[in-house]
Amino acid sequence: RLASISSTTVVELEELHRGGEPLHPAGVLRGRALDYAARFRAFARTAAPGLGLALVKARTELLDRVLDEAGIGAADLARVVCNHGSRASVEDALLSTLDVPLERSNWDFGRRIGHVGASDQLLSLEDLAGRDDLVAGEHVLLYGMGPGLSLAAAVLEIVDIPPWRR
């Protein structure tokens, strides 16, 4: 059951993923891979001080909003499912905000398959549902961050185990 869902955008950080390059110039990426680390470094050289705080504030407000709308607190979350990424990015950027241990996240699954884009959360949720890691009555937070800079979160209430797991 979808208990709550919300999203927000941190427009001040839009350039983070482009690194100052035009958004969609004809042929600019032809023959070369996207180097997000280089784009992040380029953005950091020109960004106004304190922009990281805008991200922290937006993320905190978003998480507070979806948890409040679901009528639960972070301590009530059985699992937190987010973009697959490094341990530091999962712990520092999300779990520490919620005071949720790494073991209650999808990090172990995500580290084995890597970042697969917008499918990270759905693949991790399917993995959790396929094991005996979710039971009726528990809550799962889905969280994602993407270019633009967009943030989205949803709280699911597990109402039953999948029929194929019975």
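Accessible areas here come from the Shrake-Rupley method with a 1.4 Å probe, and for residues only the protein chains shown count as cover. By that method the accessible surface of the chain comes to about 9300 Å², of which 56% belongs to carbon and sulfur atoms. The model is a predicted one, in which local features need pLDDT of at least 70 and side-chain atom pairs count only at pLDDT 80 or more, while totals for chains, interfaces and linings use all residues. Residues are numbered from 1 along each chain as its sequence is written, and side-chain values use heavy atoms, with hydrogens and water left out.

**The whole chain**

Start with the full chain in view, where the C-alpha atoms fill a box of roughly 50 × 35 × 25 Å, taken along the principal axes. Colouring by secondary structure should bring out five helices and four strands, where helices (H or I, at least four residues) and strands (E, at least two) are DSSP runs, numbered from the N terminus. Followed along the sequence, these elements give the pattern β-α-α-β-α-α-α-β-β. Of the 166 residues, 39% count as buried; buried means under 20% relative accessible area, exposed means over 50%, and partly exposed lies in between, with a 1.4 Å probe and protein chains only. Among the contacts (heavy atoms within 4.5 Å) with a separation of 6 or more, 67% are accounted for by residues 24 or more positions apart.

**Helix 1**

Select residues 36–46, which form helix 1, and pick out Arg39, Ala42 and Phe43, which are buried. These residues cover an arc of only 100° around the axis, which puts them on the same side of helix 1; the arc is that of the directions from the helix axis to the C-beta atoms. Adding residues 51–70 to the selection shows helix 2, against which the buried residues of helix 1 pack. On the face turned away from that buried side, helix 1 carries the exposed residues Ala44 and Arg45.

Next, show Leu34, Tyr36 and Phe40 as a surface, since together these residues make a nonpolar patch of about 260 Å². Patches are made of residues with over 30% relative accessible area and no salt bridge, like charges being joined within 9 Å and nonpolar side chains (Val, Leu, Ile, Met, Phe, Trp, Tyr) within 5 Å; a salt bridge is a side-chain nitrogen of Lys or Arg within 4 Å of a carboxyl oxygen of Asp or Glu. Of these patch residues, Tyr36 lies in helix 1 and, at 35% relative accessibility, counts as partly exposed.

**Strand 2**

Move to residues 77–81, which are strand 2, and select Arg79 there. This arginine counts as buried, at 15% relative accessibility. A polar atom of the Arg79 side chain lies 3.0 Å from the backbone oxygen of Glu103. Leaving out residues up to four places away in sequence, Arg79 touches a set of residues including Glu103, Asp133, His139 and Leu141.

**Helices 4 and 5**

Trp107 belongs to helix 4, residues 107–113, and counts as buried at 17% relative accessibility. Outside the residues up to four places away in sequence, Trp107 touches Gly85, Ser86, Arg87, Val90 and Leu102. A distance label from the C-alpha atom of Trp107 to that of Val80, 27 residues apart along the chain, should read 9.2 Å.

Then select Ser124 in helix 5, residues 120–130, which is buried with a relative accessible area of 1%. The side chains of Ser124 and His84 are joined by a polar contact of 2.8 Å, a polar contact being a pair of N or O atoms within 3.5 Å; within protein, one must be able to donate a hydrogen and the other to accept it, and residues adjacent in sequence count only if both atoms are side-chain atoms. Setting aside neighbours within four places in sequence, Ser124 is in contact with Val81, His84, Asn106 and Phe109.

**Backbone details and strand 4**

In the loop between helix 3 (87–98) and helix 4, select Asp99, where phi is near 60°, a positive value in a residue other than glycine. At 71% relative accessibility, Asp99 counts as exposed. Another loop, between strand 3 (139–146) and strand 4, holds Leu149, and the peptide bond from Gly148 to Leu149 is cis, with omega near -15°.

End at Ala152 in strand 4, residues 150–157, which is partly exposed with a relative accessible area of 36%. Among the residues Ala152 touches, not counting those up to four places away in sequence, are Ser6, Ser7 and Leu62.
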